[in-house]
Amino acid sequence: MTSPRKQGLAVAPDEILVERASQGDPAAFEVLTRRHAPLMRAYVSRIVGSLSEADDVVQESLYTAWRRLPELRDPTAVKAWLMQIASRHAFKHLRRRPPEDPLPILETAHPFDTQPEDVAIRNAQLQALAAALDILAPDLRQAWLLREIAELSYDDIAKQLDIPRTTVRGKLSRARASIYAQMEEWR
């Protein structure tokens with residue numbers, strides 16, 4: 001049974017949770033974690049190519065976030081801040097990976113429809129998307145992942161990549177055009 005305190009925290013806005021967690025309230029940070037970790041995991045798994053490695057990266061990212069929470073200037077931007085930490089840890093993880101270790105194909109989530117032919121089609125679509133993303137230049141792929149997987153705003157992407165907002169728009173446009181062309185047969 002959930003305590004009334006935890007129920008109250010579960011509906012609290014991010015900025016209140018950040019304030020409480022930065023003052024050392026682990027329950028507030030737990031709510032933030034439950035709220036944002038699934039998105040962080042999805043985003044990181046696409047970068048590192050494995051759900052199990054993504055779990056390690058997300059755990060490391062959340063530990064960093066807990067330690068550095070008092071440094072967060074804008075509590076309303078905690079989602080973007082967490083995604084930025086996760087992104088840095090994911091790319092750091094890739095740099096530490098031995099160069100001869102190829103990136104595995106992304107492990108797919110259990111589809112809603114489990115008919116074998118539907119599962120095969122969905123897996124083929126995901127593999128085609130993974131191949132289309134692999135073709136992209138790293139900067140275009142990172143911009144696309146931050147927008148489509150991490151669901152960051154153009155402004156947040158611009159801050160994270162340290163580029164102008166108009167450049168983000170251009171990168172996303174080129175990334176989408178390339179993916180669209182590569183995924184032509186799936187439309």
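Biologist: How many residues of the lining of the second largest pocket are nonpolar, how many polar and how many charged?

Modeller: In this predicted model, the lining of the second largest pocket comprises six nonpolar, two polar and seven charged residues.

Biologist: How is empty space found, and what volume does the second largest pocket have?

Modeller: Rolling a probe the size of a water molecule over the atoms reveals where space is left empty. Here, the second largest pocket has a volume of about 420 Å³. It is lined by 15 residues, of which Leu72, Arg73, Trp81, Gln84 and Lys159 are the closest to its centre.

Biologist: Which helices each supply at least two residues of that lining?

Modeller: They are helix H5 (78–96) and helix H8 (154–161). Helix H5 gives the largest share of the lining, five residues.

Biologist: Which domains each provide at least three residues of the lining of this pocket?

Modeller: Domain 1 (1–97) and domain 2 (136–186) each provide at least three of the lining residues.

Biologist: How should one read the packing of two helices, and at what angle do H3 and H4 pack?

Modeller: Two packed helices are described by the angle between their axes and by the distance between those axes. Helix H3 (residues 26–48) packs against helix H4 (residues 51–68) at an angle of about 140°, and their axes are 8 Å apart. H3 and H4 are therefore oblique to each other, and their crossing is right-handed.

Biologist: At what angle do the axes of H4 and H5 cross?

Modeller: The axes of H4 and H5 cross at roughly 130° and come within 9 Å. This angle makes H4 oblique to H5. The crossing in which H4 passes H5 is right-handed.

How values were computed: Residues are numbered from 1 along each chain as its sequence is written. This is a predicted model: local features need pLDDT of at least 70, side-chain atom pairs count only at pLDDT 80 or more; totals for chains, interfaces and linings use all residues. Side-chain values use heavy atoms; hydrogens and water are left out. On a 1 Å grid over the protein atoms alone, a cavity is a set of points where a 1.4 Å probe fits but cannot get out, and a pocket is an open set with protein on both sides within 12 Å along at least five of seven lines; lining residues have an atom within 4 Å of a point. Grid points are joined across faces, edges and corners, and a volume is the space filled by probe spheres set on the points. Helices (H or I, at least four residues) and strands (E, at least two) are DSSP runs, numbered from the N terminus. Ala, Val, Leu, Ile, Met, Phe, Trp, Tyr, Cys and Pro count as nonpolar, Asp, Glu, Lys and Arg as charged, and the others, Gly among them, as polar. Domain bounds come from an automatic or database domain assignment. Axes are lines fitted to C-alpha atoms, for helices over the stretch in contact, and angles run from 0 to 180 degrees between N-to-C directions. Angles under 35 degrees count as roughly parallel, over 145 as roughly antiparallel, 65 to 115 as roughly perpendicular and the rest as oblique. A crossing is left-handed if the near helix is turned anticlockwise from the far one by less than a right angle, and right-handed if clockwise.
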